[in-house]
Amino acid sequence: MSLWRWVVCVGALGPLVYYVLATYCTWDYFRKARKTAAPDGLFTPSVSILKPVRGVDREAYENFASFCRVDYPNYEIVFAVSDADDRVIPVIERLQNDFPDRQIRLLTGATRVGANSKVNKMCQLAKEARHEILVISDSDARVEPDYLREMVAPLEKPEVGAVTALFRGMTGGSFFSVLDALGVPAESAPSALVARKLEGNMKFAFGWSMATTKQHLAEIGGFEAMADHHSDDFELGNRIASKGYRVELMRKWVWMVFPRETMHDFLQHELRWSIGLRNVRKAGYLGLSLTFGLPWAVLAAVAAPAWRVSAAYLLAYLFLRLGMAWTCGVWGLGDPVTRRNLWLVPVRDLANFGVWLAGFFSNTIHWRGLVFRVEQGMLIPLPDVKDARAGN
């Protein structure tokens, strides 16, 4: 074979090796997690649940209500919105009426500390929180009654500085919401478990559910130090890990409720994630090229000297890739979206590769109605082109 054919055929082995490694790390993590006993219930310090919100997500009331049904001795839920006319405020007021025994507060008009509107609200929430332990949760997260006991338990160990979680998905039924929901169980979670295994500690957190303490937050400069950053969840976990603390995964999972998405919604969301990752972990972003099994398998099939070798590459990709997704999403997390739609994983891979390429050519993201440019992981607000044209 010519040199380029050898390069392609050897390079195509990289993703296959990665799939084997990721499958092992995933199997090892969940095997040990299942042997770990549930919290004994003796460590139940008071908790402040912080929820920065903007607009109304799908099934927002049920998402919020799940936090009111948590089985835990003493906790408060504090919401924050930037605008006094935000459409989510009536939903929160209904929650306060329906759960009068819960401590539910609403803060409005967060002071602008930086470009990240969500972090501006978290700055306000952290100041107003009554308790030492802070649990930060996205508005599209839904939890089980034992959520706080599971989330807070690792913080009993002094070496643990933050806790985060994986998720199962609930979709709005559209094709693209299913593709979106496959992302973490079939892809990001195995990647995170590989990093956890190889580095000995997670150095990031997942924004849909994080826990830390006011003390640890103060040690990294508070949320104020992250107010201009795109990936506040990555920054929180990374900064806490850099102080020598462990970032642990909650023993169980949370639910994420996905809206009905169009192709435009899906691609815009994925591109935002891709651009953010490229800005905070450039080497890691380039390294993703070695994990894209589908394009490598196709290239190897074209370059291979015989049809049997071509078929072997394609079958190896399908077997190992679907095996990784099944091990994490179905066996590990019990995710119903992955179980019903495992066959869509190659489609998701194709979309991922396209978005990854597009991520090299843009720094502009759209985030809950706002437009930003991302440079070195920092957010720079931009005027919305459509709004600007309407104003003219």
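**Entry 1: the eight-stranded sheet**

In which sense do E6 and E8 pair, and over how many bridges? I looked this up before anything else, keeping in mind that the model is predicted. E6 and E8 pair in the parallel sense, over nine bridges. As a sample pair I noted Thr164, whose bridge partner in E8 is Leu249.

Next I followed E8 to its pairing with E5. Here the sense is antiparallel, over two bridges, and Ala141 stands opposite Met256 in E8. I also checked burial: nine of the 12 residues of E8 are buried, so E8 is largely enclosed by the rest of the structure.

Then I wrote down the whole sheet. It is open, has eight strands in the order E3-E2-E1-E4-E7-E6-E8-E5, and its pairing is mixed. The edges are E3 (103-108) and E5 (141-142), each pairing on one side only. A reminder to myself: strands of a sheet pair through backbone hydrogen bonds, either parallel or antiparallel.

Further along the order I picked out E1 (47-52) and E4 (133-137). They pair in the parallel sense over four bridges, and the bridge partner of Leu50 in E4 is Ile136.

What lies across this sheet? I found helix H10 (232-242) across E6 (160-170), E7 (209-213) and E8 (246-257). H10 runs at about 40° to E7.

**Entry 2: the three-stranded sheet**

I moved on to another open sheet, with three strands in the order E9-E10-E11 and antiparallel pairing. Its edge strands are E9 (364-367) and E11 (378-382), each of which pairs on one side only. The twist averages 40° from one strand to the next.

E10 (370-375) pairs with E11 in the antiparallel sense over five bridges. Within that pair, Val374 stands opposite Leu379 in E11. Helix H11 (263-280) packs on the sheet, touching E9 and E10, and its direction makes about 125° with that of E9.

**Entry 3: helix H14**

How far does H14 reach from its first C-alpha to its last? I get 36 Å for its 26 residues (307-332), close to the 38 Å expected at 1.5 Å a residue. I then looked along its axis and found a bend of about 35° at Trp326. Just after H14, Gly334 takes a positive phi of about 65°.

The buried residues of H14 include Tyr313, Tyr317, Arg321 and Met324. I read those positions with the usual rule in mind: an α-helix has 3.6 residues a turn, so residues three or four places apart point the same way. Towards the end of the list I also noted Cys328, Gly329 and Val330, again among the buried residues.

Which helices do the buried residues of H14 pack against? My list reads H1 (3-11), H2 (13-35), H8 (183-199), H13 (293-303), H15 (336-340) and H16 (345-358).

I spent a little longer on Ser310, which sits in H14. Its relative accessible area is 12%, under the 20% cut-off, so Ser310 counts as buried. Not counting residues up to four places away in sequence, Ser310 touches Ala301 and Ala304. I also took one long distance: the C-alpha atoms of Ser310 and Arg87 are separated by 55 Å, with the two positions 223 residues apart along the chain.

**Entry 4: helix H2**

Since H2 is on the H14 packing list, I checked its span too. At 1.5 Å a residue its 23 residues should span 33 Å, and the end C-alpha atoms are 34 Å apart, which agrees. Its buried residues include Tyr18, Tyr19, Tyr29 and Phe30, along with Asp28.

**Entry 5: single residues**

Is Gln124 buried or exposed? It is buried, at a relative accessible area of 17%. Gln124 belongs to helix H5 (117-128). Leaving aside neighbours within four places in sequence, Gln124 is in contact with Ala80, Leu107, Thr108, Gly109 and Ala110.

Glu59 caught my eye for its backbone: it has a positive phi of about 55° although it is not a glycine. I located Glu59 in the loop between E1 and helix H3 (60-68). At 36% relative accessibility, Glu59 counts as partly exposed.

Last came the cysteines. How many disulfides does a search of the whole structure find? The search finds zero. I looked up two cysteines for burial: Cys9 is buried at 5% relative accessibility, and Cys68 is buried at 3%.

Key. Residues are numbered from 1 along each chain as its sequence is written. This is a predicted model: local features need pLDDT of at least 70, side-chain atom pairs count only at pLDDT 80 or more; totals for chains, interfaces and linings use all residues. Side-chain values use heavy atoms; hydrogens and water are left out. A disulfide is a pair of cysteine sulfur atoms within 2.5 Å. Buried means under 20% relative accessible area, exposed over 50%, partly exposed in between (1.4 Å probe, protein chains only). The expected span of a helix is 1.5 Å times one less than its number of residues. The bend at a residue is the angle between axes fitted to the seven residues ending there and the seven starting there. Contact means heavy atoms within 4.5 Å. Two strands pair if DSSP finds at least two bridges between them. Axes are lines fitted to C-alpha atoms, for helices over the stretch in contact, and angles run from 0 to 180 degrees between N-to-C directions.
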